[in-house]
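Visitor: Could you walk me through this model and tell me what stands behind each label?

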Amino acid sequence: MAGRLIDDFTVPWQPDASGLWTVAADSAAACLGLDGTGMALTARAGTASQSPYVQRVFGRALDLVDTDELRLWLRVTTTEPHLVLEAGPDSTAAGASWHRRLSVEQPDTWELHRLWLGDMPTALRRAVGLLRLRCPAPAPAFRAAVDDLAAGTPEALRDVGAALLGRLAELVTEVPAYFDVPPERRPPYVLISPLAVLPLPAPGGTVVDNETADGAYVRPRPRQLRLDYRIEAVAASHAERAEITEAITADLARDPRMPVFGEPLTLLPFEPDPLVTGPYRPPATPLYYRLHAPQEIGQRRPYGFAAPFLLTGPPGRTQPEVTPS
């Protein structure tokens, strides 16, 4: 399933009754969303018994059976808070059935958290009624911004295609964009055609993510696909083609970044080899753009945390004492 936006945070989540956390919709908390708004969170330090949170209760439960991941952008002023995202059937359920720790790698930096759903209980995955962002006690003081919660299954070609259609459609009023033009459709329209797909060498190595209380998960590091596209303004007159082409080039020049399932990918123009493009085909005006998209090349597997221990005993003892730490 293609990535879909679940929450753009133009309406902030509901804080708990402790009063430690306050939230607001704020333009300064926006990350990639076109709405220009995210959720700003201000946290005061709590006691050893206080575990503050904000939550959203969904009027209609989320069905996540056909999706593999939740994705969320987070920016925190410090690495101190050990934030946790929890999911449950509703706000009355005792405890959360599923959770992920959201580690902060760099302060004051937007970080994308990819939250795998493969270990979520099936019944919950069919009907997620609650998402809660919580800080275990003792909660420190910090500020955070949260934006663009999405759900989907990463598939590079499909995700880029959906993003391209959304980006190029209606840049000119009543001019849609297509990969496959309906037989009854007459110009004007924008035709998007894949020109080349080049898988780049796999980088090797692994990524450890999706930390829980019991461990984490490890997956192969994604490789990059170079995707080349021909984008054609199809219209009966030169004036119409010029208007559509102007709109496309101006829009991509203003911001070449294109969110693809929550990740900003950059569309750059290029000049293809004439042997690839073939002869000019009026009444179309072609543009050529390319981007690099990550492609998953393996499955996640559990990654257990090591249990530290200390071996003690006099030298030469064949069976040293073991003291768990």
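Guide: What follows is a short conversation about the labels used here and the values behind them.

Visitor: How do you know which values can be used?

Guide: This is a predicted model, so local features need pLDDT of at least 70 and side-chain atom pairs count only at pLDDT 80 or more, while totals for chains, interfaces and linings use all residues. Residues are numbered from 1 along each chain as its sequence is written, and side-chain values use heavy atoms, with hydrogens and water left out.

Visitor: What makes up the chain?

Guide: The chain has 4 helices and 23 strands. Helices (H or I, at least four residues) and strands (E, at least two) are DSSP runs, numbered from the N terminus. The C-alpha trace spans about 85 × 55 × 35 Å along its principal axes.

Visitor: Why is Asp228 called buried?

Guide: Buried means under 20% relative accessible area, exposed over 50%, and partly exposed in between, with a 1.4 Å probe and protein chains only. Asp228 has 4% relative accessibility, so Asp228 counts as buried. Of the 325 residues of the chain, 42% count as buried.

Visitor: Where is Asp228, and what is Asp228 in contact with?

Guide: Asp228 is in strand E16, residues 223-234. Contact means heavy atoms within 4.5 Å. Leaving aside neighbours within four places in sequence, the contacts of Asp228 include Ser193, Phe270, Tyr289 and Arg290.

Visitor: Phe270 appears there. What makes Phe270 and Tyr288 an aromatic pair, and of which kind?

Guide: Let me begin with the search, which finds 6 aromatic pairs in the whole structure. Rings of Phe, Tyr and Trp (its six-membered ring) pair if their centres lie within 6.5 Å; planes under 30 degrees apart count as stacked, over 60 as edge-to-face and the rest as tilted. For Phe9 and Trp13 the centres are 5.3 Å apart and the planes are at 35 degrees, so that pair is tilted. Phe9 and Trp13 are both buried. Phe270 and Tyr288 are 6.1 Å apart centre to centre with 65 degrees between the planes, and they form an edge-to-face pair. Phe270 lies in the loop between strand E19 (268-269) and helix H4 (274-277) and Tyr288 in strand E20 (residues 284-295), so the pair ties together parts that are 18 residues apart in sequence.

Visitor: Are those two rings buried or exposed?

Guide: Phe270 is buried, with a relative accessible area of 16%. Tyr288 counts as buried at 12% relative accessibility.

Visitor: How do you know that Arg290 lies over the face of Phe270?

Guide: A charge sits over a ring if NZ of Lys or CZ of Arg is within 6 Å of the ring centre and within 35 degrees of the ring normal. Arg290 lies over the face of Phe270 at 4.0 Å from the ring centre, and Arg132 lies over the face of Tyr53 at 4.3 Å.

Visitor: What makes E19 and E20 partners?

Guide: Two strands pair if DSSP finds at least two bridges between them. E19 and E20 are joined by 2 bridges and run antiparallel. Within that pairing, Pro269 stands opposite Tyr289 in E20.

Visitor: Why are E12 and E19 said to stand at the edges?

Guide: An open sheet with mixed pairing is formed by 5 strands in the order E12-E13-E16-E20-E19. Strand E12 (177-178) and E19 each have a single partner strand, so one side of each is left without a neighbour in the sheet. H2 packs on this sheet, touching E12, strand E13 (189-199), E16 and E20, and the direction of H2 makes about 35 degrees with that of E16. Such axes are lines fitted to C-alpha atoms, for helices over the stretch in contact, and angles run from 0 to 180 degrees between N-to-C directions.

Visitor: How do you know that the span of H2 agrees with expectation?

Guide: The expected span is 1.5 Å times one less than the number of residues. For the 13 residues of H2 (residues 156-168) that should be 18 Å, and the end C-alpha atoms are 18 Å apart, which agrees. Among the buried residues of H2 are Val160, Leu164 and Leu168.

Visitor: What makes strand E6 mostly covered?

Guide: In E6 (residues 69-76), 7 of its 8 residues are buried. E6 is joined by 6 bridges to strand E9 (residues 111-116) and by 7 bridges to strand E11 (residues 142-152); both pairings are antiparallel.
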